[in-house]
Amino acid sequence: MTPSRWRRARQIVQILSAIFFFALAFLTYRGFESPIPLDLYLRVDPLVAFGAMLAARAVIAALLLALAAVAFGFIFGRAWCGWLCPLGALLDWISPRAWRTAEAHKTWKRVKYVLLFVIFFAALLGNLSLMILDPITLLNRTFSSAFVPALNIVIVSVETALYPVAPPLHPLFDLIEQNWRGTLLPAHQTFYQLGWMLALVFGGVIALNWIAPRFWCRYLCPLGAVYALQAKISWLKPRAVKDCSHCAACMRVCPTNAITVTQDGFSVDPAECVVCMDCLPACPESVIAFQFGGQRSAVSGQPSAISSQRSDVDLTRRHLIGSALASVGAVALFRSAPSAARDDAWLVRPPGAQDNNFLAKCIRCAECSKICPTGVLQPSLFEAGVEGFWSPILYTRLGYCDYSCNACGQICPTGAIPPLTLEQKRQSIIGTAYIDENRCIPWASYRPCVVCEEMCPIPDKAIRLDAVDVIAPDGKKVQVQRPRVIPDLCIGCGICEYKCPLTGPAAIRVYTPMPLPPLG
Amino acid sequence: MLSRREFIRRSILYSLALASGNALASCAPPAPTATPLPPTSAPTIAPTATALAPTAAPTATRVVNVTAVPLPTMTATPAAPIAGEPYLAVARGASPAAITRAVVDALGGIKKFVKPGNDVIIKPNICNAQNTFEYASTTNPEVVAELVKLCLEAGAKRVRVMDQPFSGTATAAYAKSGIRDAVEKVGGEMEVMSSAKYVTVNFPATARDLKSWKIYQDILKADVVINVPIAKHHGGAKLTLAMKGLMGVITNPGGIHTALDQRIADLNTVIKPTLNIIDSVRALMNHGPTGGNLRDVKMMNTLIASHDPVATDAYAAQILFDKKPQDIAYIKFGAEMGLGRHDFGNVRIKEVTV
């Protein structure tokens, strides 16, 4: 293949990979049953796999596919970043018109390694907080909690506005609402507490492109750091196959500033090279080639300055020890936080997750939140402490755990949410509802309301109604039906809280479960 | 010439502006959210007519004519029955499909209701995605499918079946209830109710509490709407039957619960199905409307049909649940408001057994 064909091939693969990633993401709205694992990109993510396995102290079968990614890294170096990574693709596409090839700062390249080491040491200590920096989890969270809810608002707003005035568009709207809703789009509009924050963070990652191209990949991405470490000894490497005129054309097009051309020669840092192959067609003399194996240029008698090794980013023992100490310090701090002493009142975890060593298994990938049909599962703020930032909890005022659904446990790639059968899930206690009698309409306002009892999905009803004769403020005797929770039957699904017609906080709220031993 | 980049930039900007305009427009204050709570003392009207059609043991086809004093509280003429046909029909039998056909035939046949080329909507109760139809929380799929067949036989252009479940997704609920398979097999369409299709409707003066609410526009526009609820216990309204089933075609049904009985009756001032058929092949006798216990399910093998939802509900309350219709507040309100009758003086009731 000619140099420009290689570049074209990379661009096509990159487009296909991004389309594939987003296709899988949209298809998640169909449900967890799929011939291709919907979490495929997470399964081939070595950072996720080894982080989760180290922290959970277990071999997670679904993640063993990452071994293939490791082999890939040892063969192709950082080709993942240039060819396959969907975030890398977005960063290539959403970029300033004229890329400045400037280096933000040489030593910043170390940041990604430091982050990786911190993640590694923290995982050894059973902590996965920084998994929020994995590019796939970052994209997934932004997709499910910010992008899709906003997209759905746009779609429904346009439909609502045009439905009465544009009958010719009705077949299109029917296609969207009948065929796409619940297959490519969420079944209902969902509302995410932290959507704005996730969008801001994602916007920030993109905006860094204006400081330097692929800023995220070059300086911050811990997954990029995994591949960069492998690239240092990878089989495929960019090389100069003959002497060059030092025109530096390659250096100007390189998006990651991996190439250095000086008067003395030309060198490529394989840890920075994402194998994008933009340099191949840029070189007027066809000097550069990607070759497997070998030590040196195939052309003999060339100046020794032609090399593929560059070592201006040396990681020292200092970095390793510093990272280890930082991890120990942070994890110790987390474990001395109030959230470690006592669960937050609103820490309602997905079914089966509460007693499942959850924070040591959850990679914050938001697959559960994406597949949850009611949108109740959301990245948390500080309900689980800083340690559990962006781990999923149920915001039972924004959705409920549907009695007919067990999807989150089926899709969770690490088993942090166990794959319960529907029957097991229906028995799994995720929280307990309590009524605020000071605000509940029949209790406080002497008027009928039975919504919580009506909605309670437990076959024998965990909410019951007591018919009570009371004297209303106007002196008249009225009968009201007061709801009462039977805590022993309540599983904390939260549909009562979600459907409570009060404005603001519901008069019935789901708290962190407190299972009691059987009576008597 | 615009550069490609400039073109993309401008189109994104314009569409964002458009979208945000629409989003803002749809954020306009929804009409009736600030409805004050109704007075605690509901208007009291002395129940008068207690003599109701006695129900005989199922026999072969027979026509019952009962004479009783009509309720003085009825302020308007009830919707008229099909001329010369019974006001209400009851069919009993072991085959849900056969009694569906029989109950419609008893009212004069499907052709009295569905004309060739009609756009028909059948509205069963598919309230959640958690139970199969054996648990009697959703309408019997055979009944719904037979209705689809009847409408198609009568020449309907299109027969759609829809309901908005209050929990779970419509897609999951349609599948779990067995209704999707049954309906699609006989040529009907399942429609997932789209949030873009609800329109604000102002209620007539007969509605005592609701001033306006959002209702699914296709229900208002269709040529024929057949309401096929399943008979169930309900903690607040006591029973959920035909009148209450219409809560499945409005937005925010939870929002009407602070005056549930009155507002159910009010809904019936706007939504007037062509035909109401109460499915009590199985009835849910307790822990409704969600269900989940087979011991709460009672086999009744009965369908009750009329153009008058107050009448179907009154009759069902009495013969299925042994309750006086005037004790079910929304039935009483419906009769007071002239939406139908809950007494059966001078009406023809046809009972068939197949």
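**Reading burial, contacts and interfaces in a two-chain predicted model**

Q: Where should a reading begin, and how many residues of helix H4 (residues 170-177) of chain B are buried?
A: Helix H4 of chain B, residues 170-177, is mostly covered, with seven of its eight residues buried. A residue is buried if 20 or more other C-beta atoms lie within 10 Å of its own, exposed if 12 or fewer, and partly exposed in between, with C-beta atoms placed from the backbone. Helices (H or I, at least four residues) and strands (E, at least two) are DSSP runs, numbered from the N terminus. The model is predicted: local features need pLDDT of at least 70, side-chain atom pairs count only at pLDDT 80 or more, and totals for chains, interfaces and linings use all residues. Residues are numbered from 1 along each chain as its sequence is written, while chains are lettered from A and ligands numbered from 1 in the order in which they are written.

Q: Which residues of H4(B) are buried, and what do they pack against?
A: The buried residues are B:Ala170, B:Thr171, B:Ala172, B:Ala173, B:Tyr174, B:Lys176 and B:Ser177. They pack against helix H3 (141-153), helix H5 (179-185) and strand E5 (189-190) of chain B. Such packing is read from contacts: two residues are in contact if their C-beta atoms, placed from the backbone, lie within 7 Å. After H4(B) comes B:Gly178, with a positive phi near 85°.

Q: How is a helix with two unlike sides to be read, and which residues of H15(A) are buried?
A: One compares the burial of residues around the helix axis. Helix H15 of chain A (residues 317-335) has 19 residues and reaches 27 Å from its first C-alpha to its last, close to the 27 Å expected at 1.5 Å a residue; the expected span is 1.5 Å times one less than the number of residues. Its buried residues are A:Ser323, A:Ser327 and A:Phe334. They cover an arc of only 40° around the axis, and therefore lie on the same side of H15(A); the arc is that of the directions from the helix axis to the C-beta atoms. On the other side, A:Arg317, A:Arg318, A:Ile321, A:Leu325, A:Gly329 and A:Ala332 are exposed. The cover over the buried residues of H15(A) includes H7 and helix H16 (338-341) of chain A.

Q: What is a nonpolar core, and how many residues has the largest one here?
A: In soluble globular proteins, nonpolar side chains tend to be buried together. A nonpolar core is a set of buried Ala, Val, Leu, Ile, Met, Phe, Trp, Tyr and Cys residues joined through C-beta atoms within 7 Å. The largest has 232 residues, and those with the most contacts inside it are B:Val103, B:Val120, B:Ile122, B:Val144 and B:Cys151. Helix H7 (residues 110-124) of chain A gives the largest share, nine residues. Domain 1 (3-226 + 337-423) and domain 2 (429-511) of chain A both contribute residues, so this core lies between them. Apart from its neighbours within four places in sequence, B:Cys151 is in contact with B:Ile110, B:Val114, B:Val120, B:Ala156 and B:Val159.

Q: How far apart are the centres of the two domains of chain A, and how many residues are in contact between them?
A: Domain bounds come from an automatic or database domain assignment. The centres of domain 1 and domain 2 of chain A, taken over C-alpha atoms, are separated by 37 Å. Contact joins 13 residues of domain 1 to 13 residues of domain 2. The side of domain 1 that touches domain 2 divides into eight nonpolar, three polar and two charged residues. Here Ala, Val, Leu, Ile, Met, Phe, Trp, Tyr, Cys and Pro count as nonpolar, Asp, Glu, Lys and Arg as charged, and the others, Gly among them, as polar.

Q: How many residues does each chain give to the contact between chains A and B?
A: Chain A gives 46 residues and chain B gives 39 residues. Among the elements giving two or more residues to the side of chain A that touches chain B are helix H8 (135-162), helix H9 (170-180) and strand E9 (477-485) of chain A. H8(A) supplies the largest share of that side, eight residues. The residues of that side comprise 26 nonpolar, eight polar and 12 charged.

Q: Where does A:Thr512 lie, and what is it in contact with?
A: A:Thr512 lies in the segment after strand E10 (508-511) of chain A. A:Thr512 is partly exposed, because 19 other C-beta atoms lie within 10 Å. Leaving aside neighbours within four places in sequence, A:Thr512 is in contact with A:Asp343, A:Asp344, A:Ala345, A:Leu347, A:Val348 and A:Gly431.
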